[in-house]
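Welcome! Take a moment to turn the structure around on your screen, and then we will walk through it together, one place at a time.

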Amino acid sequence: PYDRLQGANVGGTRRILQMAYKFSKGKTIRFVHISTIGILSNSKIFREVVNIPPDYLPYLSGYAQSKWVAEQLVCHAEKISPTVFQGCCILRPGTIAGNSKTGAGNIRDAVLRLMFGLMKERMICIGAGSPLPQNLSMAHVDHVSEAVLHASLENLEKKSPNVTVRHLITDKFISLEQIADILDEYLRSKHHEKRPFVRRLPVGEFRLEIQNKIQTDPSHPLFILADVLASGAGFASAAGSESSTSAGNAAKNQRTTPVSSVPLPNVTRKSLHSMLAWIESEWNNQTRTSLQPSGSMN
């Protein structure tokens, strides 16, 4: 929820801006702010534009809401101190997955926990009304880091007088159906069996099973779905994801994904297998009670 993230994402951004202004001594600094592509969820805005209307805030995750407010702070700083904050750059990555080679990432990340939880329970729910994101924009952390450095240096060299925006995303979303196939492939490889492992459940049965799991085990990786399940609605929005409605528009050849001037390499089945292996290993190595999620899916 927004209240839990306001201090870090909004208050943290405010303090960094204040510190930058204090030490600039009136000289121009090239301020780079890392936001999230999630602030575009449900907005039908796909271009790299600065101003995102607040109309869609009620439909965003708490995380995306806090990042939207942080972006407003950056833009406000540029307006009141144009000499110091001239040409600020806002970077909007999608979901950041583990390292492309080792799979290592942030085990508290909501999307990584979601994938691990689905693998752990060996079930998935696809289609309208599902509490799961139907499509994910994922990029590996090492690729995102390289893109951040490239975009920051480019902003320094070009010296644009205005605030600029760059989307750091891949050009392909991963569908939930593909996620199910990848989970199946990983489990078949691990257990050396050819039978399918992941059950495709209807919405009602899936919700009931997950609710029963998380009610008795708050440390369960799928506890991140608690708010969505409690609301009785389908998945609304989260950083770097699409709802089932957006997926339907994609099938009609309507654009549903943001454009990017800094496209990142797409994730592969092999790299996602490495990520699943890393998450599974990390989860088993740490005490479950210490693994509090860093965000929720709503």
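## A tucked-away glutamine

Gln134 has a relative accessibility of 8%, so this residue counts as buried, the cut-off being under 20%. Please keep in mind as you read that you are looking at a predicted model. To find Gln134, look in the loop that runs between strand 4 (123–124) and strand 5 (135–136).

What does the side chain of Gln134 reach at 2.9 Å? That partner is the backbone nitrogen of Gly127. The side chain of Gln134 also reaches the backbone oxygen of Leu132, at 3.1 Å.

## The whole chain

Now let us step back. The protein chain has 298 residues, and 50% of them are buried. Its secondary structure consists of nine helices and ten strands.

How does the chain fold back on itself? Take the contacts between residues at least 6 apart in sequence: 82% of these join residues at least 24 apart. As for the outside, the accessible surface of the chain is about 14300 Å², and carbon and sulfur atoms account for 53% of that.

## A serine and its neighbours

Next, find Ser100 in the loop between strand 3 (95–97) and helix 3 (110–121). Is Ser100 buried or exposed? Its relative accessible area is 16%, which is under 20%, so Ser100 is buried.

Leaving aside residues up to four places away in sequence, Ser100 touches His140, Asp142, His143 and Ser271. With one of these, Asp142, the side chain of Ser100 makes a polar contact of 2.6 Å.

## A helix with a buried face

Helix 6 covers residues 203–216, which makes 14 residues. From its first C-alpha to its last it reaches 20 Å, close to the 20 Å expected at 1.5 Å a residue.

Which residues of helix 6 are buried? They are Phe206, Arg207, Ile210 and Ile214. If you look down the axis of helix 6, these buried residues fall within an arc of 95 degrees, so they line one face of the helix. A general rule helps here: an α-helix has 3.6 residues a turn, so residues three or four places apart point the same way. On the other side of helix 6, you will find Gly204, Gln215 and Thr216 exposed.

## A covered strand

Strand 7 (residues 164–168) is mostly covered, with five of its five residues buried. In a regular strand, side chains alternate between the two faces of the sheet. Here both faces are covered: Thr164, Arg166 and Leu168 are buried on one side, while Val165 and His167 are buried on the other.

Strand 7 also has a partner. Strand 2 (residues 89–93) runs parallel to it, and five bridges join the two. Try tracing one of them: Arg92 has His167 in strand 7 as its bridge partner.

## Two lysines with positive phi

Finally, visit two lysines in loops. Lys25 sits between helix 1 (2–24) and strand 1 (32–34), and Lys44 lies between strand 1 and helix 2 (62–80). Each has a positive phi in a residue other than glycine: near 55 degrees for Lys25 and near 60 degrees for Lys44.

Are these lysines buried or exposed? Lys25 has a relative accessible area of 74%, which is over 50%, so Lys25 is exposed. Lys44, at 71% relative accessibility, counts as exposed too.

Technical notes
Residues are numbered from 1 along each chain as its sequence is written. This is a predicted model: local features need pLDDT of at least 70, side-chain atom pairs count only at pLDDT 80 or more; totals for chains, interfaces and linings use all residues. Side-chain values use heavy atoms; hydrogens and water are left out. Helices (H or I, at least four residues) and strands (E, at least two) are DSSP runs, numbered from the N terminus. Buried means under 20% relative accessible area, exposed over 50%, partly exposed in between (1.4 Å probe, protein chains only). A polar contact is a pair of N or O atoms within 3.5 Å; within protein, one must be able to donate a hydrogen and the other to accept it, and residues adjacent in sequence count only if both atoms are side-chain atoms. Contact means heavy atoms within 4.5 Å. Accessible areas come from the Shrake-Rupley method with a 1.4 Å probe; for residues, only the protein chains shown count as cover. The expected span of a helix is 1.5 Å times one less than its number of residues. The arc is that of the directions from the helix axis to the C-beta atoms. Two strands pair if DSSP finds at least two bridges between them.
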